[in-house]
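I am opening these notes to keep track of what I looked up in this structure, entry by entry. I begin with a backbone angle and go on from there to the contact between chains and to a strand.

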2 protein chains.
Amino acid sequence: MIPTFADIEAAALRLAGKAVLTPLLESPELNARLGGRLLVKAECLQRTGSFKFRGAYNRISQLTEEERRRGVVAYSSGNHAQGVAAAASALGVAAVIVMPADAPAVKIANTREMGGEVVLYDRWTESREAIAAAIAVERGATLVPPFDDPQIIAGQGTCGLELAAQAQAMGLLLDVAVVPASGGGLVAGVALALSHASPGTEVFSAEPEGFEDLARSLKAGARVANEMGEARSFCDALMASSPGEIPFALHRKLLGGGVAVPDADTAKAMAEAFSRFRLVVEPGGAVALAAALSGKVPVKGRTVAVICSGGNVDAGVFCRAIG
Amino acid sequence: MIPTFADIEAAALRLAGKAVLTPLLESPELNARLGGRLLVKAECLQRTGSFKFRGAYNRISQLTEEERRRGVVAYSSGNHAQGVAAAASALGVAAVIVMPADAPAVKIANTREMGGEVVLYDRWTESREAIAAAIAVERGATLVPPFDDPQIIAGQGTCGLELAAQAQAMGLLLDVAVVPASGGGLVAGVALALSHASPGTEVFSAEPEGFEDLARSLKAGARVANEMGEARSFCDALMASSPGEIPFALHRKLLGGGVAVPDADTAKAMAEAFSRFRLVVEPGGAVALAAALSGKVPVKGRTVAVICSGGNVDAGVFCRAIG
């Protein structure tokens, strides 16, 4: 069940011409201020506005003809929903997305626009897992999980493969890569890709403060969940309660550690991405950049790559961050 | 004095690895709505946040050793200032930028951060041309003009060369390209590049309504200036009073026409770039996208490329546009 580097290479072939080869950007002025080299992988420019399209497309494109005919189902109110809807649509596969009835109207509309059939549920009285499972049984549809799946992880890993190739083309050896983490599919895939394509690179996860279940799991040597206490964060995409089982099998072998980032630093990173890189980065997509800019992951004297993993953010939230 | 396609090819070699190969993005959902194919050349991701770096680097890199030693001078309060400062800095050449004393502090700070020596003048009592000319004489510095120069135009043309190659790699023939215009260096260079690299493509300029001097010049068959009347626009980068002489020699031969875009459409285009492409585009950089989205340049049944030429915009202006 653990994906291999060969799975990522195969995913890259499937995604060629389908996913955006997102640019690797830098700012000489920012580098001068930091005393090192900071590279930003602008994954917010990916199809559907986040890395999620990579994994979803890689997974769905490997369904049998019979499975494709029966469609796919996923539950998500966020980037995974759009990634699955768009990937399924691109492959001519029907997709049901189970979303909470009180999800922002724009997210429901976006998912529909991308070809998804939206099934709403009441998040206070119903279980999205049960609804999705019932649809899977009823229609014979395949469930596309957000992170706990080897082909999803392999798809996300193509982002790391690109990063390694782009850094190499610039003549750079990456000392460190920092990657946002929720369930941990992206950071697992990127770490696997870099362990082969850039073996000298140390990989760190970045999470919002109070939701650093992966950082704590790495310290504990086993998966632990967030304590559901007072913690709040505006990083709506990074709310998974614990690392996925398959991702964590890679995390524990391949990550150098995890850092926790206060929302105030994340908002500053969004403002820097706006003014210096002209990128729209959502809160959850900006935590790795925030870790580098705030010094949690030092850039001085080193070459550090950060993944800005998504850019789906309401104008109001965005403007409060950059204002 | 008129640049040739060979000048653009030579510029592309000089800029390789120095300028960002900016991505060509599209949205299947937006395409479905428009009934055609809309490609966005994200030139706002260029070094210094606009296409201006291309022309400035191409020009300054061709100075003799003696000229380099004496430095360059330019007058601009906007994107050209930053383009010249950064290009000169990258080439180890001193740059003096003449800016109005009442320019936004952030623009003055950015120009300094990029290595420019800023000389301030009073825009009510002094002439920036006279000040720049005096500095040029005094220091033997070379004046880098914003658009009326064959090597500046050739540098901007590399953006069109990339566009043609990127469209070809996607298996697409471009029916139309729309390009923002002020003095017209970018649209002249892009039209020259496409006339060789994509000869079936019709090229249009886009300007803010009330400042469509290029559109009117094309109709008149000779350069005419904007009437300095009641017209106002928030497209601060597109305020040149008439097309440059050298650019217009190319415009009249190569452009299919020019369109004028109301600010309200430009603001909507900035909002669409934010939510659908996760790009920060400044008002003047969004006029070509606005022309396509508003139907001024129809997309239905065609493949239309627009250049989003810059992304240097204050948070306040940006948030009013996307809010």
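Entry 1, a threonine in a loop. I looked up how accessible A:Thr48 is in this predicted model, and I found a relative accessibility of 3%, which is under the 20% limit, so A:Thr48 counts as buried. I then placed A:Thr48 along the chain, in the loop between strand S2 (37-42) and helix H3 (52-60) of chain A. What caught my attention was its backbone, since A:Thr48 has a positive phi of about 75° and is not a glycine. I noted beside this that most residues other than glycine have a negative phi.

Entry 2, the counterpart in chain B. I looked up B:Thr48 as well, and its phi is positive, near 70°, in a residue that is likewise not glycine. B:Thr48 lies in the loop between strand S2 (37-42) and helix H3 (52-60) of chain B, and because its relative accessibility is 4%, B:Thr48 counts as buried.

Entry 3, where the chains touch. How many residues of chain A are in contact with chain B? I found 27 residues of chain A in contact with 27 residues of chain B, and the area buried between the two chains comes to about 2,200 Å², with carbon and sulfur atoms giving 64% of that area. On the side of chain A, A:Glu29, A:Phe274 and A:Arg278 supply 33% of the area that this chain buries against chain B, more than any other three residues.

Entry 4, polar links across the interface. I found 4 salt bridges between chain A and chain B, one of them joining the side chains of B:Arg47 and A:Glu29 at 3.2 Å, N to O. There are also 10 residue pairs in polar contact across this interface. The elements giving two or more residues to the side of chain A that touches chain B are helix H2 (28-34), helix H12 (263-277) and helix H14 (315-322) of chain A, and H14(A) gives the most, with 4 residues. Sorted by class, that side holds 16 nonpolar, 5 polar and 6 charged residues.

Entry 5, a covered strand. I turned to strand S7 (residues 176-180) of chain A, where 5 of its 5 residues are buried. A:Val176, A:Val178 and A:Pro180 point one way from S7(A), while A:Ala177 and A:Val179 point the other way. Which strand pairs with S7(A)? I found strand S8 (residues 202-208) of chain A, in the parallel sense, over 5 bridges, and in S8(A) the bridge partner of A:Pro180 is A:Ala206.

Definitions and conventions: Residues numbered from 1 in each chain as written. Chains lettered and ligands numbered in written order. Predicted model: local features only at pLDDT ≥ 70, side-chain atom pairs only at ≥ 80, totals over all residues. Heavy atoms only, no water. Buried < 20%, exposed > 50% of the residue type's maximum accessible area, 1.4 Å probe, protein only. Contact = heavy atoms within 4.5 Å. Buried area = accessible area lost by both parts, 1.4 Å probe. Polar contact = N/O pair within 3.5 Å; in protein donor to acceptor, adjacent residues only side chain to side chain. Nonpolar A, V, L, I, M, F, W, Y, C, P; charged D, E, K, R; others polar. Pairing = 2+ DSSP bridges.
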